[in-house]
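Good morning, and thank you for joining. I would like to walk through a few local features of the structure now coming up on the screen.

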Amino acid sequence: MAFSIRVEGLHKSYQRRVRKPGLLGAVRGLFSAERQTVPAVQELSFTISPGERVGLIGENGAGKSTTLKMLTGILLPTSGRLEVLGLEPWRQRRQLAARIGVVFGQRPQLLWDIPVRETFTLLKTMYGVDEKLFQATYAEAVKRLDLEPLLGVAVRKLSLGQRMRCDLAASLLHAPAIAFLDEPTIGLDVSVKEQVREYVVEMQRRFGTTLLLTTHDLKDITETCDRLLLLDRGRLLFDGSLKDFERRFATERRILLELNKPVAESAAAELSVALAPLGGVLVEHRGHRVVVSYQREGAAPALTQCLLSLLPVSDIVLEKADIDSMVASIYRRSTEVEVGAA
């Protein structure tokens, strides 16, 4: 099977100068500076098939942007094997550039002093985009991202959010085989973020574009991606579907209840006993509110039936852990293990 992206044992490290403290150390550093090797990406391996929608997440310094820069040919790997659309990105950067779309956060590819419309037209010429395709992608971008009022405005006069929308449109005008999107919703309002997500999903569906997206707003991932890559200090912690990620890391789920009348202490004790065999734990009973937690997969129906039979319920909500809290929990555990080992 031909993969859109193939990464095997990828490693990227940087050399950093280490300065000794004090005036004497500064002077010595001018002549014989000590250097330290800092790994940014370590033994990274994964493949992405054509048309996949993949989210790449991690804390600051996890290696997300470094990975994207190697995939697009901006950075040369220290070691390992890397192919994008059958090309070596750093060796065949020009050939690759014609077949990919790239957004790098606050680093716009739009020309600063000319109106947005002229920039789009220039990109059409640069990429050699067919007129029929251009009209389709251009119309979709203007409609989905609400760009009509911005087309005649010089790029330098746009706000960050307006520039991000235009930059995203520019990266997808030629219907690239792969779209690398690094923080595509940074600086955007909540409503505009929704527009951007809908636009990305529609363009991917329409043209079969392979999508690799990095972001700190994890809703970008849940709304646009089917698969997740989780990085920590340059290493791959998880590679799988969002459902698999939830099954593996969403260890605690909750049932929230609003009651018609408060629960007595004696009734709460009986409830705890009834919930235990079903995998439920009564974690809160205060006034008209009751909270039950559980970890067992598939326990919700039996627990719900038990609660409805024993309590005067007026409202009930089944709450699962969101992706933000799951990722935060993973990194907390990773830090605790590191501290414990030290």
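Let me begin with one helix and its outward side. The face of α11 turned away from its buried side carries three residues that are exposed, P301, Q305 and S309. Please bear in mind that this is a predicted model.

Which residues of α11, spanning 300-310, are buried? They are A300, L303, T304, C306 and L307. Viewed down the axis of α11, these buried residues fall within an arc of 165°, so they line one face of the helix. In general, an α-helix has 3.6 residues a turn, so residues three or four places apart point the same way. The cover over the buried residues of α11 includes the strands β10 (253-259), β11 (280-286), β12 (289-294) and β13 (313-319), together with helix α10 (265-275).

I turn next to a helix pair. Helix α4 (residues 116-127) packs against helix α6 (residues 160-172) at an angle of about 20°, and their axes are 10 Å apart. That angle is under 35 degrees, so α4 counts as roughly parallel to α6. The crossing of α4 past α6 is right-handed. At the contact, V116, F120 and L123 of α4 meet C166, A169 and A170 of α6. The residues of this contact comprise six nonpolar, no polar and no charged.

Finally, the backbone. Most residues other than glycine have a negative phi. E43, which is not a glycine, has a positive phi of about 45°. E43 is placed in strand β2 (residues 34-48), and at 53% relative accessibility it counts as exposed. R233 also has a positive phi, near 50°. R233 lies in the loop between β8 (227-232) and β9 (235-241), and is partly exposed, with a relative accessible area of 35%.

Methods
Residues are numbered from 1 along each chain as its sequence is written. This is a predicted model: local features need pLDDT of at least 70, side-chain atom pairs count only at pLDDT 80 or more; totals for chains, interfaces and linings use all residues. Side-chain values use heavy atoms; hydrogens and water are left out. Buried means under 20% relative accessible area, exposed over 50%, partly exposed in between (1.4 Å probe, protein chains only). Helices (H or I, at least four residues) and strands (E, at least two) are DSSP runs, numbered from the N terminus. The arc is that of the directions from the helix axis to the C-beta atoms. Contact means heavy atoms within 4.5 Å. Axes are lines fitted to C-alpha atoms, for helices over the stretch in contact, and angles run from 0 to 180 degrees between N-to-C directions. Angles under 35 degrees count as roughly parallel, over 145 as roughly antiparallel, 65 to 115 as roughly perpendicular and the rest as oblique. A crossing is left-handed if the near helix is turned anticlockwise from the far one by less than a right angle, and right-handed if clockwise. Ala, Val, Leu, Ile, Met, Phe, Trp, Tyr, Cys and Pro count as nonpolar, Asp, Glu, Lys and Arg as charged, and the others, Gly among them, as polar.
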